[in-house]
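Hi,

Here is the structure we talked about, with the sequence alongside. Have a look first, and then read on for what turned up in it.

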Amino acid sequence: MAQRATVLDRRLRACDLDDLPHEWDTRYELVRGVLFMSRRPSNQHQEAITRIVVALYPPVSAAGGKVLPEVGLLWEEEGDDNVSPDVVVILHDRLGIVQKKVVGTPNLVVEVLSSGDDARRRDLEAKRELYFRRGVLEYWALDLDRRVLIRMTRGGSDWLTEELAVDAPIRTPLLPAWPGVAVSDLLPLE
């Protein structure tokens, strides 16, 4: 999936994204006013999103929350951040952010990493910083190429990061009753 950061003569705002041409296969995201354009993800990417939703839906729903795939995530219409994470988890304490768009910070964000240096840089640098700055409690990056899950939890001034192998269990303290699943359960079938 080809992606690139576009430099413009002015900083974009979240509300400017509505004025861009919308093709069926183009996704626009904005981090600190920098526009990231990408094509719709591959079938493997979509299968991973589905598997993540299937794994998280029962425990999140039982806890009174929501699991939303590919939702628009906005903080301020006039702000310079607007992204579409692959999956967000919003627990009962933050359900007020669910409106026409999600306006605020989810508890957990999951991104499925696409192939390519630009895509990886966007998710592991720009979005990593964005999610920490905006108060996300936990950030997972599922790496399809390497077949690992990078789990980031909030530390005092940065993410605490651990890399989980394909056979490792993934759990979260955000869902204490959930026994978790193996990372392999989130990966698309080969």
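Let me start with the rings: Tyr131, Phe132, Tyr139 and Trp159 are linked by ring pairs into a cluster. Before going further, please keep in mind that this is a predicted model. Searching the whole structure turns up three aromatic pairs. In one of them, the ring centres of Tyr131 and Tyr139 are 4.9 Å apart with the planes at 75 degrees, so this pair is edge-to-face. Another is Tyr139 with Trp159, which is tilted, at 6.2 Å centre to centre and 50 degrees between the planes. Since Tyr139 sits in strand β10 and Trp159 in strand β12, that pair ties together parts that are 20 residues apart in sequence.

Are these rings buried or exposed? Tyr131 is buried, at a relative accessible area of 0%, and Tyr139 is buried too, also at 0%. Trp159 has 6% relative accessibility and counts as buried because the cut-off is under 20%.

There is an arginine in the picture as well. Arg154 has its charged end over the ring of Phe132, 3.9 Å from the ring centre. Arg154 also lies over the face of Trp159, this time at 6.0 Å from the ring centre.

Now for the framework around this. The protein has 14 strands and two helices. Six of the strands make an open sheet with mixed pairing, and their order is β4-β7-β9-β10-β11-β12. At the edges stand β4 (66-69) and β12 (159-164); each has a single partner strand, so one side of each is left without a neighbour in the sheet. On average, neighbouring strands in this sheet are turned by 15 degrees against each other, if you ignore direction.

How does β12 connect to β11? A hairpin does the job, passing through four residues. The two strands run antiparallel, and six bridges join β11 (residues 148-154) to β12. If you want a place to look along that pairing, Met152 stands opposite Thr161 in β12.

Helix α2 (residues 117-133) lies across β9 (108-113), β10 (138-143), β11 and β12. The helix runs at about 170 degrees to β9.

Arg120 is in helix α2, and its side chain makes a polar contact of 2.7 Å with the side chain of Asp143. Those two residues are 23 apart along the chain, and their C-alpha atoms are separated by 9.1 Å. What else does Arg120 touch, leaving aside its neighbours within four places in sequence? Besides Asp143, the list has Leu113, Ser114, Glu125 and Arg146.

Next, a backbone detail to click on: Arg147, in the loop between β10 and β11. Most residues other than glycine have a negative phi. Arg147 goes the other way, with a positive phi near 55 degrees. Its relative accessibility is 25%, so Arg147 counts as partly exposed, a class that lies between the cut-offs of 20% and 50%.

The last residue I'd point you to is Thr172, in the loop between β13 (169-170) and β14 (181-182). Which class does Thr172 fall into, buried or exposed? With 5% relative accessibility, Thr172 counts as buried. The Thr172 side chain reaches the backbone nitrogen of Leu174 at 3.1 Å. Leaving aside neighbours within four places in sequence, Thr172 is in contact with Glu138, Trp140, Arg151 and Trp178.

Two overall numbers to finish. Of the protein's 190 residues, 51% count as buried. And among contacts with a separation of 6 or more, 55% come from residues 24 or more positions apart.

If you only have a few minutes, open Tyr139 first, with Tyr131 edge-to-face to it and Trp159 tilted against it. Then turn to Arg154, over the rings of Phe132 and Trp159.

Cheers

Conventions:
Residues are numbered from 1 along each chain as its sequence is written. This is a predicted model: local features need pLDDT of at least 70, side-chain atom pairs count only at pLDDT 80 or more; totals for chains, interfaces and linings use all residues. Side-chain values use heavy atoms; hydrogens and water are left out. Two strands pair if DSSP finds at least two bridges between them. Axes are lines fitted to C-alpha atoms, for helices over the stretch in contact, and angles run from 0 to 180 degrees between N-to-C directions. Contact means heavy atoms within 4.5 Å. Buried means under 20% relative accessible area, exposed over 50%, partly exposed in between (1.4 Å probe, protein chains only). A polar contact is a pair of N or O atoms within 3.5 Å; within protein, one must be able to donate a hydrogen and the other to accept it, and residues adjacent in sequence count only if both atoms are side-chain atoms. Rings of Phe, Tyr and Trp (its six-membered ring) pair if their centres lie within 6.5 Å; planes under 30 degrees apart count as stacked, over 60 as edge-to-face and the rest as tilted. A charge sits over a ring if NZ of Lys or CZ of Arg is within 6 Å of the ring centre and within 35 degrees of the ring normal.
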